[in-house]
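Please walk through this structure one part at a time, beginning with how its strands are arranged and moving on to a loop and a helix.

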Amino acid sequence: MLTIAFVTGTEPGKWFRRYEELTGSRLETVPSDDPLVLVGKQATAALVRLPDERVTDEHHVVRLYEEAAGVAVPKDSLYAEVGEVTREDLADEIVNFDGQSPIDDLRSALQVVAANVGVAYAPLPLLKNLARKQIKALELAGEEPATQIALVWRKVDDSDAVQDFVGVTKGRTVRSSRSSRGKSHPRSGAKRAQR
């Protein structure tokens, strides 16, 4: 059975459902703040947030989408009312967090923001996932996406099942003609995307 771990702040449910429809196989899924540590152990592959220096030439990497840069501000702040901010707008604020991991540190920083002290920078989808009701997650205007979500697995663990999941993330549906059942197919998706 294929097991996919996925990082906090992603919502891969549609891919999981499509994979099961396409292949007729059950998929095991594992949510995790740090899914890369599960690859090759509890999970065959993982949806991870890049950049991550632990991803090496021993891995296949399929980059799926970019994440907007975001900032968490107190819900009652002027910034939350305006709804669009830049780092320059927030230059005088206390910065409680500026990065993507460890996620537990971000959770702690968001508690401080919820207490109306400072801001926290992180990928916008992650902030939206973790935001409490006292916090507003805003996109940072004028910022290039700093993170990407990618499917990562060890090259030694490559299989038809993993390649079928790659196909689903790339848009293949149950009505597509390509399927692992009774067919062999090239693994070009991984080769094109590998590091």
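Two strands are taken to pair if DSSP finds at least two bridges between them. In this predicted model, an open sheet of 4 strands follows the order β6-β7-β5-β8, and its pairing is mixed. The edge strands are β6 (95–98) and β8 (135–139), each of which pairs on one side only, while the twist from one strand to the next averages 20 degrees. Within this sheet, strand β5 (residues 69–74) and strand β7 (residues 119–123) pair in the antiparallel sense over 4 bridges, and A122 in β7 is the bridge partner of G70.

The loop between β5 and α2 (78–82) contains S77. Is this S77 buried or exposed? S77 counts as buried, because its relative accessibility is 12% and the cut-off for buried is under 20%. A polar atom of the S77 side chain lies 2.7 Å from the backbone oxygen of P74.

Helix α3 (residues 103–114) has 12 residues, which at 1.5 Å a residue should span 16 Å, and the distance of 16 Å between its end C-alpha atoms agrees with that. The buried residues of α3 are I103, L106, A109, L110, V113 and A114. Seen down the axis of α3, these buried residues fall within an arc of 145 degrees, so they line one face of the helix. An α-helix has 3.6 residues a turn, so residues three or four places apart point the same way. After α3 comes N116, whose phi is positive, near 75 degrees.

Notes:
Residues numbered from 1 in each chain as written. Predicted model: local features only at pLDDT ≥ 70, side-chain atom pairs only at ≥ 80, totals over all residues. Heavy atoms only, no water. Helix = DSSP H or I, 4+ residues; strand = E, 2+ residues; numbered from the N terminus. Expected span 1.5 Å × (residues − 1). Buried < 20%, exposed > 50% of the residue type's maximum accessible area, 1.4 Å probe, protein only. Arc of directions from axis to C-beta. Axes fitted to C-alpha atoms, helices over the stretch in contact; angles between N-to-C directions. Polar contact = N/O pair within 3.5 Å; in protein donor to acceptor, adjacent residues only side chain to side chain.
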